[in-house]
Amino acid sequence: KIPASSSSQSTTTSLSLIRSLDPKPFVEDCWQHSTRPDGRIFAQGRPTKVVFGMLKHSAGSALVQLQHPSSPHRPEAASSASTKILAATTLQIGQPAPDQPDEGDIVVQVTGTGGKNMGSDFKSHQQPHWDVLQPWLQRILEEGGIPSQLNLITGKACIRLVVTVLIIEDGGNLKDASLLACMAAWKDTKLPVVGKDLVEVQGKFWWKQGRSITSQQPPESEADLVETNSESRDFRMSLSMGVWVHPTSRTTHLLVDPSAEEEPFLEGTLTVVISMSTHQLQVDYAGKVALTATDLALAAKLAKGRAEELQTVLVPTR
């Protein structure tokens with residue numbers, strides 16, 4: 001007689017082999033039974049973990065992980081990779097543009113480590129992520145009002161915020177994880193204030209610790225100084241949903257937080273970005289399936305629910 005534990009291990013191994021050799025039938029079979037390859041329902045995201053202050057020598061940093069849920073009824077789901085993103089900010093001091101004298105600017109950089117689930121050819125595998133993810137993050141951060149909070153001395157000095165996004169593990173849905181990591185790193189960032197953190201010596205600004213960062217002129221008066229903190233910042237989050245149409249009923253379904261195993265077989269991707277202060281929504285959609293008003297209303301409702309989950313993480317309690 002074969003021990004029960006051996007039989008269970010054999011079944012798990014067989015399922016994992018089937019998934020690796022031909023994943024599409026397995027994934028679509030899950031969807032047709034109203035579930036996901038990792039055991040989630042359509043409207044369920046992965047557990048999210050955020051750790052602030054990961055890097056000692058950056059202005060701000062945060063690690064975000066979208067963890068695959070463990071299920072005793074689906075042990076084969078444990079092989080799925082999570083999505084892990086590290087974001088860090090650095091500050092540079094310079095002159096503002098003449099047409100935007102009271103704003104700084106943002107530079108987003110996306111890179112990877114070649115870690116788990118990255119593929120054997122690191123450069124060819126990662127480059128598509130960089131090409132799509134970097135400009136999207138750049139646009140969302142610029143539209144989120146961050147440049148206006150990077151002003152030091154109107155018309156004279158501002159901050160350039162460099163945000164580096166490191167893809168450690170790609171388990172799917174890089175957009176949501178990367179934006180959340182950027183927002184968490186931004187929350188962790190303390191902006192310098194002229195006269196408090198920066199001092200002027202011989203026409204240059206210096207950190208009080210003694211590191212030269214710029215050669216801008218000092219302010220003419222205390223009224224020129226601008227100070228911002230995390231409580232006045234507008235944080236934005238996103239919820240990405242895969243679009244799948246049932247082959248027989250032809251009904252459209254939204255799959256929240258799609259995994260890397262699901263992404264190749266989706267018929268579209270819908271991303272809703274929400275401002276945590278104004279609650280305004282911005283929708284990005286790429287796909288051939290026509291979405292109805294009901295689909296968009298459901299997407300907005302799910303995004304607002306996600307925002308409520310992250311409210312305590314990104315927005316300080318008062």
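What share of the 318 residues in the chain is buried? Buried residues make up 46% of them. Please keep in mind that this is a predicted model. Here are my notes, point by point.

1. **Overall make-up.** The chain contains 5 helices and 13 strands. Take the contacts between residues at least 6 apart in sequence: 71% of these join residues at least 24 apart. The points below go through the strands around E6, then the four-stranded sheet, then the helices, and end with some backbone angles.

2. **Strand E6 and its partner E3.** Strand E6 covers residues 157–169, and strand E3 covers residues 83–94. The two run antiparallel and are joined by 11 bridges. If you would like a residue pair to find this pairing on screen, try Ile85, whose bridge partner in E6 is Ile167.

3. **Strand E6 and its partner E4.** Strand E4, residues 105–112, also pairs with E6, here in the parallel sense and over 8 bridges. Asp105 is a handy marker for this pairing, with Arg160 of E6 standing opposite.

4. **The hairpin of E5 and E6.** Strand E5 spans residues 151–153 and pairs with E6 in the antiparallel sense, over 2 bridges. Ile153 has Ala157 in E6 as its bridge partner. These two strands form a hairpin with 3 residues between them. In the turn, Gly155 has a positive phi of about 80 degrees.

5. **The four-stranded sheet.** Further along the chain there is an open sheet of 4 strands in the order E11-E10-E12-E13, paired antiparallel. At its edges are strand E11 (252–256) and strand E13 (281–287), each of which pairs on one side only. On average, neighbouring strands in this sheet are turned by 25 degrees against each other, direction ignored.

6. **Going through its pairings.** Strand E10 (residues 236–245) and E11 run antiparallel and are joined by 5 bridges. Within this pairing, Trp244 has His253 of E11 as its bridge partner. E10 also pairs with E12, in the antiparallel sense and over 8 bridges. There, Ser240 stands opposite Thr271 in E12. E12 and E13, antiparallel too, are linked by 7 bridges, and Leu270 has Tyr285 in E13 as its bridge partner. The hairpin of E12 and E13 has 5 residues between the strands, and His279 in this hairpin takes a positive phi near 65 degrees.

7. **How enclosed is strand E12?** Of its 8 residues, 7 are buried, so E12 is largely enclosed by the rest of the structure.

8. **Helices on the sheet.** Helix H4 lies across E10 and strand E12 (268–275), and its direction is at about 175 degrees to that of E10. H5 packs on the sheet as well, touching E10, E11, E12 and E13. The direction of H5 makes about 140 degrees with that of E10.

9. **H4 against H5.** A pair of packed helices is described by the angle between the axes and by the distance between them. For helix H4 (residues 174–187) and helix H5 (residues 293–314), the angle is about 30 degrees and the axes are 11 Å apart. Angles under 35 degrees count as roughly parallel, and H4 and H5 are therefore roughly parallel to each other. Their crossing is right-handed. On the H4 side the contact involves Leu180, Met183, Ala184 and Lys187, which meet Arg306, Leu310, Val313 and Leu314 of H5. Sorted by type, the residues of this contact are 6 nonpolar, no polar and 2 charged.

10. **Backbone angles to look at.** Most residues other than glycine have a negative phi. Ser34 is not a glycine, yet its phi is positive, at about 60 degrees. Ser34 sits in the loop between helix H2 (23–32) and strand E1 (48–52). Asn173, again a residue other than glycine, has a positive phi near 60 degrees. Which elements does the loop holding Asn173 lie between? It lies between E6 and H4. With a relative accessible area of 4%, Asn173 is buried, the cut-off for buried being under 20%.

Definitions and conventions: Residues are numbered from 1 along each chain as its sequence is written. This is a predicted model: local features need pLDDT of at least 70, side-chain atom pairs count only at pLDDT 80 or more; totals for chains, interfaces and linings use all residues. Side-chain values use heavy atoms; hydrogens and water are left out. Two strands pair if DSSP finds at least two bridges between them. Axes are lines fitted to C-alpha atoms, for helices over the stretch in contact, and angles run from 0 to 180 degrees between N-to-C directions. Angles under 35 degrees count as roughly parallel, over 145 as roughly antiparallel, 65 to 115 as roughly perpendicular and the rest as oblique. A crossing is left-handed if the near helix is turned anticlockwise from the far one by less than a right angle, and right-handed if clockwise. Contact means heavy atoms within 4.5 Å. Ala, Val, Leu, Ile, Met, Phe, Trp, Tyr, Cys and Pro count as nonpolar, Asp, Glu, Lys and Arg as charged, and the others, Gly among them, as polar. Buried means under 20% relative accessible area, exposed over 50%, partly exposed in between (1.4 Å probe, protein chains only).
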